[in-house]
Amino acid sequence: MTTYYVTTPIYYINGLPHIGHVFTTVLSDAISRYHRLLGDDVYFLTGTDEHGQKAEKAAREEGITPQELADRIVPNFREIWKRLNVSNDDFIRTTESRHRTGVEEIFRRSHANGDIYLGSYEGWYCTFDENFLTEGQLVSGNCPDCRRPVDRITEPSYFFRLSRYQEPLLKFYREHPEFIAPPSRYNEVISFVEGGLRDLSVSRLKLKWGIPVPIDPSHVIYVWFDALSNYVTALGFPSKTELYGRYWPANLHVIGKDIVRFHCIYWPAFLLSAGLPLPKQVLVHGWWLKEEEKISKSRGNTVDPNSLIQTFGVDGLRYFLIREAPLEGDSNYSFSTILKRVNSDLANDLGNLVSRTLTMVQRYSNGLLPAADAGDPSFKALLESICSRLPELIAEFNFTRLLSDVWNAITAINRYIVEEQPWVLAKDPGNQNRLNAVLYNSCEGLRIIAGLLAPVIPQSANAIWKQIGVAGTASEARIDDLAWGKLPAGARIGTIEAIFPRIEEKDQLPASPVTDKDVTVAEVISHASIDDFQKLGLRVAEIKTAEKIKGSKKLLKLTVDLGTEIRRLVAGIAEVYAPEDLVGRQVIVVSNLKPTKIMGVESNGMVLAASVDGKPTLAGITERVPNGTIVK
Ligand code: MSP
């Protein structure tokens, strides 16, 4: 049997799981499930990345130890994967001893190979936050978090001879053009490596939360060296376990575009150095954006998957994520897009077809599936062609094509029923054969469709099989089970129940009066102190002039009166507000934001607005006050 080992990135524990993490994991889960459907022996791994400065810092801010923080956050990951029917075979935590042993061994092997040497690390360090920073992270030369001045530090560090691997890596990429998908990312990596590789600092002296360097325990191993190793330590490396022998090298690492360099350059270099085989493929996906910004904890714009599940159901969310997946570029997340997808594709097209078909079997055949004696319907060939192309579509990660083909089949069955008019056929016993054929063919088509969709919407696909009266579950089916005609006639259909209820827009709001038991307190990982808030200079300002910025649909150039001065700033509100309607209006401005240039215009502040699906509504005050009044 062909083995197929799939991994997700292991997630940081300085925040709760959000929609971006859910996407990567659900995508990896769908890939795993499609490979199981194709008959592969699949092993699917996910886990958490618990060491390093991010965890140490988040724990310090809460006054707890990093281990305590990890122990509190990890169950949230485990639970959401369970809730989403994620079929992972293992969950690795980098604080487990099985992981530590493997990381130490890779480090030792690399050292024995002459690839680790003691050098000197030079960089920026914020003493207050105990944070290493790169030049690019500094804000006006200060720490981006606490805004305090940073120090240039030099400290001893172990380095990995990455430079030695430039040529071996290029050779590997050329021999394995399939290593990085999609091809655009492959080309990016090659040109980066061709630009030259510098040795990499792989230990920290100041940091305490990590795995000690085996040859010098006064240092801890760099978090990425530690984290990447999870893909082999979870299989039992360095022991020659059955799992390791069976599944390494991995077939696929699924990752977001933010961590390409680590997976496509550092990881293969570490493995080459340790004398281990390289993974076969890395699938790089784009980001989910909200109002054009990456959804992430640090930007504070995360979307809670639990509330989406509550509104759309597990399969509604899974379907939306795979259907609109940012595989080449980025995708915009919005409540209204999920609503549309779930209502039109799942509730209307698929859900209605299921209830319509089964109601006919109930009504015209007493709930027993008749045998079909008449000819084949047109959608039989369509479904057979999807099944035969499935290996290729999955190898290309072409879910858009796969799902749109399946939806064509759903439309074809709906059309077939309308054309055949079973309600008319049922009136004349002479049409019995044809009526039986309509009932059988529609149910058989639905059975195969549910089988093809099970990797994306497992729970609903199983429910469809159960209602049709098929033995076994759709999520355990193999591709051969989806051959046309395997549905046995004579079976009794199950209880007909709505599978995808229609979601109303108001479902995102509480439907009934709020009582004490509805009051919830969401977990806040990092609070803003009153000092943090007071750093923001929020003031009331009156708009004096407003004009469009040439070449931009969204931006307006404004001058505002702040009481003591007239400011120029740029606001992204042109799609909603006409310049002439703004003059004289009082708005709230962040007056001490660092000046920046937007489309060549200097902006000295930011106008506050609420944002609904990317459309701004200006924040204001209900009564007029003097310009420049502080908002607090
Ligand atoms: N701990 C590292 C990974 C180590 S792997 C050896 C890490 N963790 S993370 O929690 O920050 O995020 C991991 C992954 O979550 C990203 O690579 C990406 O796959 C996913 N996403 C996080 N935010 C995302 C979006 N807004 N959109 C899509 N995926 C995103 O990096």
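1. Two strands count as paired if DSSP finds at least two bridges between them. Strand S18, residues 538-548, and strand S21, residues 586-590, meet that test with 5 bridges, in the antiparallel sense. One pair to look up is Val-540, whose bridge partner in S21 is Ile-588. Keep in mind throughout that this is a predicted model.

2. S18 also pairs with strand S19, residues 556-561. Here too the sense is antiparallel, and 6 bridges join the two strands. Lys-548 has Leu-556 of S19 as its bridge partner.

3. Now the chain as a whole. The protein chain holds 19 helices and 26 strands. Its C-alpha trace spans about 90 × 75 × 50 Å along the principal axes. Of the 632 residues, 52% are buried. The exposed surface comes to about 28,700 Å², with carbon and sulfur atoms supplying 50% of that area.

4. What share of the contacts with a separation of 6 or more comes from residues 24 or more positions apart? The figure is 74% for the protein chain.

5. An open sheet is built from 4 strands in the order S6-S5-S7-S9, with antiparallel pairing. Strands S6 (131-133) and S9 (200-201) stand at the edges. Each has a single partner strand, so one side of each lacks a neighbour in the sheet. Strands of a sheet pair through backbone hydrogen bonds.

6. Within that order, S5 is next to S7. Strand S5 covers residues 116-126 and strand S7 covers residues 151-160. The two run antiparallel and are joined by 10 bridges. Leu-118 stands opposite Tyr-158 in S7.

7. Next, a helix pair. Helix H13 (residues 378-395) and helix H14 (residues 399-420) cross at roughly 170 degrees, and their axes come within 10 Å. Angles over 145 degrees count as roughly antiparallel, so H13 is roughly antiparallel to H14. On the H13 side the contact includes Phe-379, Leu-382, Leu-383 and Ile-386. On the H14 side, Phe-399, Leu-402, Val-406 and Ala-409 are among the residues met. By class, this contact has 14 nonpolar, 1 polar and 3 charged residues. Arg-389 of H13 and Arg-401 and Asp-405 of H14 are among the residues listed in the contact.

8. How do helix H11 (residues 305-323) and helix H17 (residues 458-468) pack, and at what angle? The angle is about 115 degrees, with the axes 8 Å apart. Since 65 to 115 degrees counts as roughly perpendicular, that is the label for H11 and H17. Val-314, Asp-315 and Arg-318 of H11 make the contact with Pro-458, Gln-459 and Ser-460 of H17. By class, the contact has 2 nonpolar, 2 polar and 2 charged residues.

9. One residue to inspect is Lys-486. Lys-486 sits in the loop between H17 and helix H18 (530-534). Is Lys-486 buried, exposed or partly exposed? Its relative accessibility is 47%, and buried means under 20% while exposed means over 50%, so Lys-486 counts as partly exposed.

10. Leaving out residues up to four places away in sequence, Lys-486 touches Tyr-440, Glu-444, Arg-447, Asp-480 and Asp-481. For a sense of distance, take Phe-192: Lys-486 is 294 residues from Phe-192 in sequence. In space, the two are 52 Å apart, C-alpha to C-alpha.

How values were computed: Residues are numbered from 1 along each chain as its sequence is written. This is a predicted model: local features need pLDDT of at least 70, side-chain atom pairs count only at pLDDT 80 or more; totals for chains, interfaces and linings use all residues. Side-chain values use heavy atoms; hydrogens and water are left out. Axes are lines fitted to C-alpha atoms, for helices over the stretch in contact, and angles run from 0 to 180 degrees between N-to-C directions. Angles under 35 degrees count as roughly parallel, over 145 as roughly antiparallel, 65 to 115 as roughly perpendicular and the rest as oblique. Contact means heavy atoms within 4.5 Å. Ala, Val, Leu, Ile, Met, Phe, Trp, Tyr, Cys and Pro count as nonpolar, Asp, Glu, Lys and Arg as charged, and the others, Gly among them, as polar. Buried means under 20% relative accessible area, exposed over 50%, partly exposed in between (1.4 Å probe, protein chains only). Accessible areas come from the Shrake-Rupley method with a 1.4 Å probe; for residues, only the protein chains shown count as cover.
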